[in-house]
Amino acid sequence: MGGAYDAVVVGAGPNGLAAAVVLARAGRSVLLIEAADSIGGGCRSAALTLPGFVHDVCSAIHPLAAASPLFRELDLGDHGLVWIQPGAPLAHPFDDGPPALLERSLEATVLGLGGADGAAWRRLFAPLAEAWPRLEGQLLGPPLRWPGSPLALARFGVRGLRGAAGLARSLFSGERARALFAGLAAHSILPLERAATSAVALVLGIAGHRVGWPLPRGGAQRLADALASKLAGLGGEIETGRRVGDLAELPPARSVLLDLTPRELLRVAGRRLSGGEHRRLGRFRFGPGVFKMDFALDGPIPWRSVECARAGTVHLGGSLDEIADGERRVWRGEHPERPFVLLAQPSLFDPTRAPAGRHTVWAYCHVPAGSDRDLSALIEAQIERFAPGFRDRVLARSAQTALELEASNPNCVGGDITGGVTDLAQILARPVARPVPYATSAPGVFVCSSSTPPGGGVHGMCGYHAARAALAERARFGAVEAGSRGGGSARQGGPPA
């Protein structure tokens, strides 16, 4: 591995990879260390069922990656990443009548919802989608800073700070629009009455209209591989299969960035942190987990509503009331009999995912934290509810409980895939209240995981902002050193980016 590095990054999920790329792009020497035998963290692909079927291990559909300012800058297409846009980002079927569709076109979505609800959807999303270039930096970064576009942010906040169930009922009179909005908000993995659950629905809806909900050709692993290729081209090094137990095990480095949740941060760096920070990190709250399934099929899903075959993602949960009831039950420690199921059907749009004529399906539902229950029958029943004959097409299936997910990825505490609860309190103080949320009380040690702003999702922005904080600290430290010597260089290891 050589001698000292400017920076060592621990954890090669999307945020660790992003942090390493940003540092290397600034001219720093970087070593990225990953405990698993392959990079990617929650952005990996594998043959989970049968040979020739490519399944995404965790993330599958990537609206926030497509919306990420960092990924847009990196030209990852030059490193093998190809985005595929399904015909529609999202379908939400019902027991009776046509599904509600989130279309790339705002006007097509409005037309599909029709009448007063279509007009209400336009009033809600049109100004926010138009303002997205002014909002993205604020919504995908630390929340406690002066906004670059205060009027646009205020317009977003008036709606986004509300509970999704209440906002949907106040804006829409029909069940189709209400349920479509509720399904977007349920990605928060919070009861839909909670404050700020509407913000999740708004961001995902805006992304659908601005950039779509694309999937990487060949699987989610291709996104991680593209970031690794970018890092290698900048001179960065990657070491896999090495689990770090303590910061003392790392090679000398001016900065250490940890793509770890607070629990793992305390395990690795606890001895370096102040007593107060140790206690605050110990109080960080993790949310419910997920139960995930992958299927190999002998044909496409036989949707009752054929329009669902246009969508890369399908939300299975019926009405707003049913979705909201299920999410409340999960937070009470229960397993709903009709869970809200998030389903992706990538092979309809990406033929590399399965042998000719065959298909892959990815699905999960929310469960209480640490659940070890097998909910295969419940998920399959929800799919069968909207696609009679689905079970007859299953060639093989793979299932993973929340506890098994944590065992495979320690960052998913209790099966939590969002890096911790994303309620209003932990949006504003994530992982603890600090002027620079990526810094720690240990000099030179930073956190770059989804437990920092802006939180969960594959976007790399936690890593980007943590790397910028590390570069800023080194620049300040270099300036102090130079001043104490009466002059000289204000930096070591490259210019601040």
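Buried means under 20% relative accessible area, while exposed means over 50% and partly exposed lies in between. With that in hand, here are some exercises on this predicted model.

**Exercise 1. A strand and its two faces**

Task: Find out which residues of strand 11 point one way and which point the other way, and whether they are buried or exposed.

Solution:
- Start with the strand itself: strand 11 spans residues 289-297 and is mostly covered.
- Next, sort the side chains. G289, F291, M293, F295 and L297 point one way. V290, K292, D294 and A296 point the other way.
- Now apply the cut-off: all of these residues are buried, and the tally for the strand is 9 of 9.

**Exercise 2. Neighbours in the sheet**

Task: Work out which strands pair with strand 11, and in which sense.

Solution:
- Look at the whole sheet. It is open, has 7 strands in the order 7-6-12-13-14-11-15, and its pairing is mixed.
- Check the ends: strand 7 and strand 15 (394-400) are the edge strands, each pairing on one side only. From one strand to the next, the twist averages 20 degrees.
- On one side of strand 11, take strand 14 (residues 359-367). The two run antiparallel and are joined by 9 bridges; for example, F291 has C365 as its bridge partner in strand 14.
- Then take strand 15, which pairs with strand 11 in the antiparallel sense over 6 bridges. Here F295 stands opposite R397.
- Finish at the other end of the sheet, where strand 6 and strand 7 are antiparallel over 3 bridges. There H92 stands opposite A100 in strand 7.

**Exercise 3. A salt bridge across the sequence**

Task: Locate the two partners of the salt bridge between R385 and D95, and decide for each whether it is buried, partly exposed or exposed.

Solution:
- Begin with the distance: the side chains of R385 and D95 meet at 2.8 Å, N to O.
- Place the partners. R385 sits in helix 14 (residues 376-386), and D95 lies in the loop between strand 6 (88-92) and strand 7 (100-102). They are 290 residues apart, so the pair links distant parts of the chain.
- Compare with the cut-offs. R385 has a relative accessible area of 11%, so R385 is buried. D95 has 37%, so D95 is partly exposed.

**Exercise 4. Further charged pairs**

Task: How many salt bridges does the model hold, and which residues are linked in a network?

Solution:
- The count comes to 29 salt bridges.
- One of them joins R242 and E239 at 3.3 Å, N to O. E239 has a relative accessible area of 25%, which means that E239 is partly exposed.
- Another joins R353 and D350, whose closest N and O atoms are 2.8 Å apart. Both of these residues are buried.
- The network is made of E193, D325, R328, R329, R332 and E334.
- As background, side chains of opposite charge can pair when their charged atoms come close.

**Exercise 5. The nonpolar cores**

Task: Identify which members of the largest nonpolar core touch the most other members, and follow the contacts of W121.

Solution:
- The largest nonpolar core has 97 residues, and F71, W121, F181, L192 and L257 touch the most other members.
- Set aside the neighbours of W121 within four places in sequence. Its contacts then include L102, L106, F172, F181 and H209.
- A second, separate core has 27 residues, among them F295, V341, L343 and V394. F295 is also the residue of strand 11 that stands opposite R397 in strand 15.
- In soluble globular proteins, nonpolar side chains tend to be buried together.

Technical notes. Residues numbered from 1 in each chain as written. Predicted model: local features only at pLDDT ≥ 70, side-chain atom pairs only at ≥ 80, totals over all residues. Heavy atoms only, no water. Salt bridge = Lys/Arg side-chain N within 4 Å of Asp/Glu carboxyl O. Helix = DSSP H or I, 4+ residues; strand = E, 2+ residues; numbered from the N terminus. Buried < 20%, exposed > 50% of the residue type's maximum accessible area, 1.4 Å probe, protein only. Pairing = 2+ DSSP bridges. Axes fitted to C-alpha atoms, helices over the stretch in contact; angles between N-to-C directions. Core = buried A, V, L, I, M, F, W, Y, C linked by side-chain atoms within 4.5 Å. Contact = heavy atoms within 4.5 Å.
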